[in-house]
Amino acid sequence: MAEEIGNPKIRGPKDPVKKGDLVEIKSLIKHPMESGFRKDKATDALIPAHFIESVVVEYGGKQVLKAAWSGAVSKDPFFSFFVKAEATGPLKMVWKDNKGQTFDASTTITVA
Amino acid sequence: MVMDQNNAVTRRTFFRTAGVVGAAVASGALLGVPFQHAMAEDAAPAAAPAAATVDMDALIAQHMGAGPIAMEKVSLDIPATAENSALVRMPIVVDHPMEANNFIQKVALFIDNNPSPAIAQFEFTPEAGKVAIEFRSRMAKSSKVRVVAKSNTGKLYGLVKEIQVAAGGCAG
């Protein structure tokens with residue numbers, strides 16, 4: 001059975017925020033995050049590495065944060081961080097795994 | 001679990017007390033005073049020789065640049081024992097301004113006893129507003145966990161914490 005993969009989710013502030021506020025963004029994505037160090041119990045062969053290696057966060061079209069991960073980040077990775085609210089605009093995240101597959105999701109930060 | 005409850009409380013009050021705790025850890029590490037405080041007790045100079053086969057100093061220098069690491073400003077507020085080694089919370093906070101010409105540019109996490117100790121790295125811009133991230137990591141076994149932060153001027157800040165992995169947690 002194919003392992004569930006993708007379904008990226010982002011949660012930002014539900015209500016409008018003030019300019020200059022530091023807002024927390026939480027994200028979640030389904031991914032096996034195979035480290036490449038784990039053995040298949042039946043065959044004793046190493047399970048090939050398959051993990052998200054980069055996460056890029058853009059706010060208002062500008063990159064604010066970038067993560068480089070190894071296969072030691074837990075399965076179905078959760079990631080939270082902060083951005084400083086400047087103006088109403090999209091906050092977009094792009095996850096990319098070591099097989100070149102990409103996933104993206106976005107939310108809008110509304111500055112009142 | 002008692003430990004979980006304690007942790008929940010610390011989490012809630014964390015952002016308010018981060019500065020104070022950071023200062024306590026820093027002074028403890030610099031003076032070599034053996035603190036009784038749980039967090040301070042875990043702080044050790046990054047220069048201490050690693051028991052692992054990997055040369056952690058060289059690995060950190062490779063990723064973060066060489067130079068002295070000040071044991072201050074960085075927090076990793078987690079219990080000393082990880083209940084689930086497949087999902088160890090890594091809430092990293094760096095108490096440092098995020099201004100146009102004075103900000104934290106990079107943060108990295110290392111776990112000495114993992115098969116590949118360089119776990120994750122994060123590059124920031126001042127637009128992040130503050131460095132307070134959280135993610136989860138696997139731990140192969142009990143290990144030192146190291147967080148290193150680099151400012152835009154190349155100053156290094158760090159923290160070392162000994163984390164025990166609960167026995168039998170994910171055997172087999």
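In this predicted model, strand E7 of chain A, residues 102–109, has two unlike sides: Phe103(A), Ala105(A), Thr107(A) and Ile109(A) make up its covered face, while Thr102(A), Asp104(A), Ser106(A) and Thr108(A) make up the uncovered one. In a regular strand the side chains alternate between the two faces of the sheet. The neighbour of E7(A) is strand E6 of chain A, residues 89–97, and the two pair in the antiparallel sense over 8 bridges. Within that pairing Leu91(A) has Thr107(A) as its bridge partner in E7(A), and Thr107(A) also belongs to the covered face described above. The hairpin that links E6(A) and E7(A) has 4 residues between the strands, and Gly100(A) in this hairpin takes a positive phi near 90°.

A second hairpin in chain A is formed by strand E3, residues 52–59, and strand E4, residues 62–69, which run antiparallel and are joined by 6 bridges. Here there are 2 residues between the strands, and Gly60(A) takes a positive phi near 60°. Tyr59(A) of this hairpin has Lys62(A) in E4(A) as its bridge partner.

Both E4(A) and strand E5 of chain A, residues 78–84, also pair with strands of chain B: E4(A) runs antiparallel to E6(B) and is joined to it by 5 bridges, whereas E5(A) pairs with E7(B), again in the antiparallel sense, over 2 bridges. Particular residues can be placed in each of these pairings, with Lys66(A) standing opposite Glu123(B) in E6(B) and Phe79(A) having Phe135(B) as its bridge partner in E7(B). The strand pairings are set out below.

| Strand pair | Sense | Bridges |
|---|---|---|
| E6(A) and E7(A) | antiparallel | 8 bridges |
| E3(A) and E4(A) | antiparallel | 6 bridges |
| E4(A) and E6(B) | antiparallel | 5 bridges |
| E5(A) and E7(B) | antiparallel | 2 bridges |

The contact between the chains takes 26 residues from chain B and 27 residues from chain A. The area buried between them is about 2200 Å², and carbon and sulfur atoms give 56% of it. On the side of chain B, the residues that lose the most area to chain A are Glu127(B), Arg136(B) and Arg138(B), which together account for 26% of what that side buries.

Glu127(B) takes part in a salt bridge as well, its partner being Lys62(A), with the closest N and O atoms 2.7 Å apart. The rule finds 1 salt bridge across this interface, and the count of residue pairs in polar contact between the two chains, with both residues at pLDDT 80 or more, is 14. The elements of chain B that give two or more residues to the side touching chain A are strand E6, residues 118–124, and strand E7, residues 131–137. E6(B) provides the largest share of that side, 7 residues. Sorted by class, the side of chain B that touches chain A has 13 nonpolar, 7 polar and 6 charged residues.

As for chain B as a whole, the chain has 3 helices and 9 strands, and from the N terminus on its elements run α-α-α-β-β-β-β-β-β-β-β-β. Of its 172 residues, 45% count as buried. Among the contacts in chain B between residues at least 6 apart in sequence, 66% join residues at least 24 apart.

Conventions
Residues numbered from 1 in each chain as written. Chains lettered and ligands numbered in written order. Predicted model: local features only at pLDDT ≥ 70, side-chain atom pairs only at ≥ 80, totals over all residues. Heavy atoms only, no water. Contact = heavy atoms within 4.5 Å. Buried area = accessible area lost by both parts, 1.4 Å probe. Salt bridge = Lys/Arg side-chain N within 4 Å of Asp/Glu carboxyl O. Polar contact = N/O pair within 3.5 Å; in protein donor to acceptor, adjacent residues only side chain to side chain. Nonpolar A, V, L, I, M, F, W, Y, C, P; charged D, E, K, R; others polar. Pairing = 2+ DSSP bridges. Buried < 20%, exposed > 50% of the residue type's maximum accessible area, 1.4 Å probe, protein only.
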